[in-house]
Amino acid sequence: LLVDNKKIKNIEDIRAWQNKISYISQNTFLMDDTIKNNICSSSYEKKLINHQKFKDVISISKLNKFIDELPQKEETIIGEEAISISGGQKKRIAIARALYKDSKILIFDEATSALDIKTEKAVIDVINNLSDDLLLIMIAHRLQTLRNCDYILEIRNKKIIKYESIDEYQFDLSNR
C-alpha cells in the first residue's frame, strides 16, 4: 500500500492512515444518544469534548437553526434509528461527525442526497473552503453536487474515464 508514494509497512501505519478517513454514506448510522454524542463520538468522555470545535462543525454543517429550536439543544436524544429527525438532519449530523474527527479524507457517498439543493450547496461550499489539505471524494447522481470538483471520474463499461470539469462531463453526456 502506497500513500503519497510512501510504502505503509505495518499494521500501525495502516491504522493511522485509516483514521484519517471519514466515510459519509447514503445510510447514516446514528446512536440512540444525544446529538452532541453522535457528533463527538470519538471523545468518549464528556470532559474530552472540544466545545469550540463542536460549535464550529455545527456551523459548517448548517445544524445551528435545527439545534437551537430543540428544547434540550445539542443534548436532545435522537432516538433509536433517529426516527425523530429528517434525512437531511441525519446527513448533516454525519457530516459534522466527520469534520469533528479532523479527517483529511472525506468520502461522500451520496451524503448530501437528502439535503435540499440550497443546503447542499451551502454545506459543500463551506467544506470546499476548509483546507487545501482536505481531500474530498464525492459519489453523486446529482451533477450539481460535483460542480466544484477538480475532476470527475466516471466508470463506464469497466473503464475509468476522467473529465477535467463538469462542463466537459456534461458535453460528453450530450454526445452519447
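**Close-up views of a predicted model**

**View 1. Lys53 and its partners from farther along the chain.** K53 is part of helix α3, which covers residues 51-60. Everything shown in these views comes from a predicted model. Which residues does K53 touch, once those up to four places away in sequence are set aside? They are L99, Y100 and D102. For one of these contacts, Y100, the spacing is worth a look: K53 and Y100 are 47 residues apart in sequence, yet their C-alpha atoms are 6.7 Å apart in space.

**View 2. The open sheet and its strand order.** Here we step back to a sheet of 3 strands, open and paired in parallel, in the order β3-β4-β5. Its edge strands are β3 (21-24) and β5, each of which pairs on one side only. From one strand to the next, the twist averages 10°. Helix α5, residues 87-100, packs on this sheet and touches β3 and β4. How does the direction of α5 compare with that of β3? The two directions make an angle of about 180°.

**View 3. Pairing between β3 and β4.** Strand β4 spans residues 105-109 and runs parallel to β3, with 4 bridges joining the two. To find your way along this pair, look for Y23, which stands opposite I107 in β4.

**View 4. Pairing between β4 and β5.** On to the next pair: how many bridges join β4 to β5? There are 5, and these strands run parallel. A handy landmark is D109, whose bridge partner in β5 is I139.

**View 5. The two faces of β5.** Let us stay with this edge strand, which pairs on one side only. Which residues of β5 belong to its covered face, and which to its uncovered one? L136 and M138 make up the covered face, while L135, I137 and I139 form the uncovered one.

**View 6. The largest pocket and its lining.** This pocket holds about 890 Å³ of space. Its lining counts 27 residues, and those nearest the centre are L136, I137, M138, C149 and Y151. Elements giving two or more residues to the lining are α6 (117-128), β5 (135-139) and β6 (152-156). Which of them supplies the largest share? That is β5, with 5 residues. L136 and M138 from the covered face of β5 are thus met again close to the pocket centre, among the residues nearest to it, and so is I137 from the uncovered face. If you are thinking about the chemistry of the lining, the classes break down as 18 nonpolar, 5 polar and 4 charged residues.

Key. Residues are numbered from 1 along each chain as its sequence is written. This is a predicted model: local features need pLDDT of at least 70, side-chain atom pairs count only at pLDDT 80 or more; totals for chains, interfaces and linings use all residues. Side-chain values use heavy atoms; hydrogens and water are left out. On a 1 Å grid over the protein atoms alone, a cavity is a set of points where a 1.4 Å probe fits but cannot get out, and a pocket is an open set with protein on both sides within 12 Å along at least five of seven lines; lining residues have an atom within 4 Å of a point. Grid points are joined across faces, edges and corners, and a volume is the space filled by probe spheres set on the points. Ala, Val, Leu, Ile, Met, Phe, Trp, Tyr, Cys and Pro count as nonpolar, Asp, Glu, Lys and Arg as charged, and the others, Gly among them, as polar. Two strands pair if DSSP finds at least two bridges between them. Axes are lines fitted to C-alpha atoms, for helices over the stretch in contact, and angles run from 0 to 180 degrees between N-to-C directions. Contact means heavy atoms within 4.5 Å. Buried means under 20% relative accessible area, exposed over 50%, partly exposed in between (1.4 Å probe, protein chains only).
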